[in-house]
Structures are given as structure tokens and as C-alpha cells.
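The following exercises are to be worked through with the structure in view. Each task is followed by a solution that goes step by step.

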Amino acid sequence: MFDPGQAYRCSPRVALRPEPFGALAYDFGTRRLSFLKTKLLVEVVRALEEQPDVHTTLDAAGVPEPERPSYLKALEGLAGNGTIEPR
């Protein structure tokens with residue numbers, strides 16, 4: 001279960017490759033490829049490691065309030081496929 005009140009990190013099995021649209025996330029464990037569709041989402045995923053919870057990470061990255069539900073949904077999907085994980 002994804003809980004934005006908890007601390008997360010990008011999985012150590014995942015490599016992020018910057019792209020003009022955002023990034024490709026490759027999971028070396030499952031060989032799954034995911035797309036991070038915005039540069040701000042990439043910044044959020046990278047910043048998760050440094051923040052106490054997801055909400056604080058969104059604040060620190062400057063995600064506008066009206067866009068937060070879509071970012072939370074994207075992060076929930078990334079948690080579901082193992083790109084990010086609780087820490």
C-alpha cells in the first residue's frame with residue numbers, strides 16, 4: 001500500500017536515464033522499463049531519499065497544489081511496480 005505520509009526512495013535496483021520528456025526508469029531486477037513523463041516527476045523521485053515523507057518531498061520540489069493529486073497517483077503507480085519503495 002502506498003502511503004504518502006511515509007518515507008520512500010528510488011529502489012537501488014532502478015537506474016534513471018534522463019530524457020527530454022523526463023526519464024526512463026529501468027529495473028534491473030524485473031527488467032521492467034517505466035517512463036517518468038515530466039522532469040519535475042524525476043526531481044520528485046530523486047528527492048524522496050532526502051525527505052521525511054512524500055508530502056514534504058512534493059513541497060520541496062515545488063509541485064503546485066493543483067497538480068499534487070496527479071503526482072500522488074504517479075508515485076502510487078511507481079510504488080506498485082517497485083520503482084520506488086518504502087525506506
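**Exercise 1. State in which element Gly77 is found and classify its exposure.**

Solution. Step 1: Gly77 belongs to helix H3. Step 2: the model is a predicted one, and in it Gly77 has a relative accessibility of 39%. Step 3: buried means under 20% and exposed means over 50%, with partly exposed in between. Gly77 therefore counts as partly exposed. Step 4: the C-alpha atoms of Gly77 and Phe2 are separated by 8.7 Å, although these positions lie 75 residues apart in the numbering of the chain.

**Exercise 2. Describe the order of the elements in the protein chain.**

Solution. Step 1: count the elements; the protein chain contains 3 helices and 5 strands. Step 2: read from the N terminus, which gives the order β-β-β-β-α-α-α-β.

**Exercise 3. Determine whether the radius of gyration of the protein chain agrees or disagrees with that of a compact globule.**

Solution. Step 1: for 87 residues, a compact globule would have a radius of gyration near 12 Å. Step 2: the protein chain has 12 Å, so the value agrees with the expectation. Step 3: for the extent along the principal axes, the C-alpha atoms fill a box of roughly 35 × 30 × 20 Å. Step 4: turn to the interior; buried residues make up 40% of the 87 residues. Step 5: consider the contacts in the protein chain with a separation of 6 or more; residues 24 or more positions apart account for 52% of them.

**Exercise 4. Describe the surface and the charges of the protein chain.**

Solution. Step 1: the exposed area of the protein chain is about 5100 Å². Step 2: carbon and sulfur atoms supply 54% of that area. Step 3: the chain carries 11 positive and 12 negative side chains. Step 4: the centres of these two sets lie 9 Å apart.

**Exercise 5. Explain how the buried residues of H2 are arranged around its axis.**

Solution. Step 1: helix H2 spans residues 54–61, and its residues Val54, Thr57, Leu58 and Ala61 are buried. Step 2: seen down the axis of H2, the buried residues fall within an arc of 100 degrees, so they line one face of the helix. Step 3: recall a general rule. An α-helix has 3.6 residues a turn, so residues three or four places apart point the same way. Step 4: identify the partners; the buried residues of H2 pack against strand E1 (8–10), helix H1 (39–47) and helix H3 (68–80).

**Exercise 6. Compare the settings of Gln51 and Glu67, each of which lies in a loop.**

Solution. Step 1: the loop between H1 and H2 holds Gln51, while Glu67 lies in the loop between H2 and H3. Step 2: with a relative accessibility of 18%, Gln51 counts as buried. Step 3: at 35%, Glu67 counts as partly exposed. Step 4: not counting residues up to four places away in sequence, Gln51 touches Ala7, Thr56, Thr57, Ala60 and Arg87. Step 5: for Glu67, note a distance; its C-alpha atom is separated by 22 Å from that of Ala25, 42 residues away along the chain.

**Exercise 7. Examine Gly29 and Arg31 in the loop between E3 and E4.**

Solution. Step 1: Gly29 is placed between strand E3 (22–27) and strand E4 (33–36), and Arg31 is found in the loop between E3 and E4. Step 2: Gly29 counts as exposed at 54% relative accessibility. Arg31 counts as exposed at 66%. Step 3: inspect the backbone; Arg31 has a positive phi of about 65 degrees although it is not a glycine. Most residues other than glycine have a negative phi. Step 4: the C-alpha atoms of Gly29 and Tyr8 are separated by 18 Å, with the two residues 21 apart along the chain.

**Exercise 8. Identify the residues that Phe35 touches.**

Solution. Step 1: Phe35 is placed in strand E4. Step 2: its relative accessible area is 49%, so Phe35 is partly exposed. Step 3: not counting residues up to four places away in sequence, Phe35 touches Phe21, Ala23 and Leu24. Step 4: Phe35 and Glu19 are 16 residues apart in sequence and 9.6 Å apart from C-alpha to C-alpha.

Conventions: Residues numbered from 1 in each chain as written. Predicted model: local features only at pLDDT ≥ 70, side-chain atom pairs only at ≥ 80, totals over all residues. Heavy atoms only, no water. Helix = DSSP H or I, 4+ residues; strand = E, 2+ residues; numbered from the N terminus. Rg over C-alpha atoms; globule rule 2.2 N^0.38 Å. Buried < 20%, exposed > 50% of the residue type's maximum accessible area, 1.4 Å probe, protein only. Contact = heavy atoms within 4.5 Å. Areas by Shrake-Rupley, 256 points an atom, 1.4 Å probe, with all protein chains shown as cover. Lys, Arg positive; Asp, Glu negative; His and termini not counted. Charge placed at Lys NZ, Arg CZ, Asp CG, Glu CD. Arc of directions from axis to C-beta.
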